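Visitor: I have not looked at this one before. Can you walk me through it?
Guide: Yes. Have a look, then ask away.

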Amino acid sequence: MHALQSWLARLAEVVDKMLTPYRAIQHQLEQEAREHERRSQLAWQQRVREERRAKRRALTLLLRQLDRRQRDMFRAHGYFYVTGGGSGVTYRIRCAKIGNIDVLTPDGNVAHHLCAHPAGDLPVYDFLVGQMLQLQDATTERSFLRKANIIPLDLKILLTSM
Amino acid sequence: MKPRMSTCSQMSIMDHSGHKELLWSPDQVEDTEIARKTFDELIKRGYSAFGGATDTEAKHALKKFDPTMKEIVMVPTIVGG
């Protein structure tokens, strides 16, 4: 029994010696994984900070373009109204990226939604600025409407769930 | 970016950072020329330009660079969503 225990102890020593270089590699790999994780976290935090900064800048630009009434409405409700420069139609622009323009009938009901926006990876407030500027000018309103996709009212449920 | 001057005009160019700002003073020929070149380059790339002569005036579409505008907003080409 004693001999077996002694043999096992020697075996453990030998195995331990054999594993020593692998332990160093394992340690190094763990360190590299931790460093990779730390860098990913930093990059993610940096991205979040940049996105927030971009959003703030875009909001500043938007608020500068709105008149007092539009600004108050946007702050209170998250949307504002724009009158089409050529058509005289009233549009309600909501703070969203998809199908966010409501085309209103003369009695104030929503006829349908429009989906068109400036191309590129822009903050949502830049979308609203672009849409407002395009719609309030007579010449650009026409071209904007030609490019916009019309979304019927019954698709609203689908859009709000996106 | 140059310090804002009292007679300074501003071009806001939309991009992923919110927007870039380019300032010029209409009486500074060099600055105005840089703004004009930037304007022309962006128009070539499909941007639309909207300008207002005062802070309160609703902006209208610009076909050509107008250095007297108080603010010009450059909007990337519109795409259907």
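Visitor: What distance separates the centres of domain 1 of chain A and domain 2 of chain A?
Guide: This is a predicted model, and in it the two centres, taken over C-alpha atoms, are 47 Å apart. Domain 1 of chain A covers residues 1–65 and domain 2 of chain A covers 68–160.

Visitor: And how many residues does each domain give to the contact?
Guide: Domain 1 of chain A gives 8 residues and domain 2 of chain A gives 7 residues. On the side of domain 1 that touches domain 2, 6 are nonpolar, 1 is polar and 1 is charged.

Visitor: Now chain B. In what order do the strands of its open sheet run?
Guide: The order is 2-1-5-3-4, with 5 strands and mixed pairing. Strand 2 (18–24) and strand 4 (60–62) of chain B are the edge strands, each pairing on one side only. From one strand to the next, the twist averages 30 degrees.

Visitor: Strand 1 and strand 5 of chain B: parallel or antiparallel?
Guide: Parallel. Strand 1 (residues 9–15) and strand 5 (residues 71–75) of chain B pair in that sense over 4 bridges. In this pairing B:Met11 stands opposite B:Ile72 of strand 5.

Visitor: What else does B:Ile72 touch?
Guide: Leaving out residues up to four places away in sequence, B:Ile72 touches B:Ala49, B:Phe50, B:Gly51 and B:Leu62, along with B:Met11.

Visitor: Which helix of chain A lies across strands of chain B?
Guide: Helix 3 (residues 124–136) of chain A. That helix lies across strand 1, strand 2, strand 3 (48–52) and strand 5 of chain B, and runs at about 105 degrees to strand 5.

Visitor: How many residues are in the largest nonpolar core?
Guide: That core has 36 residues. Those with the most contacts inside it are A:Ile93, A:Leu128, A:Val129, A:Met132, B:Ile72, B:Val73 and B:Met74. Helix 3 of chain A supplies the largest share of this core, 7 residues. Domain 1 and domain 2 of chain A each put at least three residues into this core.

Visitor: Back to the edge of the sheet. Where is B:His60, and what does B:His60 touch?
Guide: B:His60 is in strand 4 of chain B. Not counting residues up to four places away in sequence, B:His60 touches B:Phe50, B:Gly51 and, from the other chain, A:Asp137. B:His60 and B:Val73 are 13 residues apart in sequence, and their C-alpha atoms are 9.9 Å apart.

Visitor: Why does B:His60 count as partly exposed?
Guide: Because B:His60 has 18 C-beta neighbours inside 10 Å. A buried residue would need 20 or more, and an exposed one would have 12 or fewer.

Visitor: Next topic. How many residues does each chain give to the contact between chain A and chain B?
Guide: Chain B gives 20 residues and chain A gives 30 residues. On the chain B side, strands 1, 2, 3, 4, 5 and 6 of chain B each give two or more residues. The largest share, 3 residues, comes from strand 6 of chain B. By class, the chain B side has 9 nonpolar, 10 polar and 1 charged residues.

Visitor: Which strand of chain A pairs with strand 6 of chain B?
Guide: Strand 4 (residues 110–118) of chain A, in the antiparallel sense, over 3 bridges. One bridge there has A:His117 partnered with B:Val79.

Conventions:
Residues are numbered from 1 along each chain as its sequence is written. Chains are lettered from A and ligands numbered from 1 in the order in which they are written. This is a predicted model: local features need pLDDT of at least 70, side-chain atom pairs count only at pLDDT 80 or more; totals for chains, interfaces and linings use all residues. Two strands pair if DSSP finds at least two bridges between them. Axes are lines fitted to C-alpha atoms, for helices over the stretch in contact, and angles run from 0 to 180 degrees between N-to-C directions. Two residues are in contact if their C-beta atoms, placed from the backbone, lie within 7 Å. Ala, Val, Leu, Ile, Met, Phe, Trp, Tyr, Cys and Pro count as nonpolar, Asp, Glu, Lys and Arg as charged, and the others, Gly among them, as polar. A nonpolar core is a set of buried Ala, Val, Leu, Ile, Met, Phe, Trp, Tyr and Cys residues joined through C-beta atoms within 7 Å. Domain bounds come from an automatic or database domain assignment.
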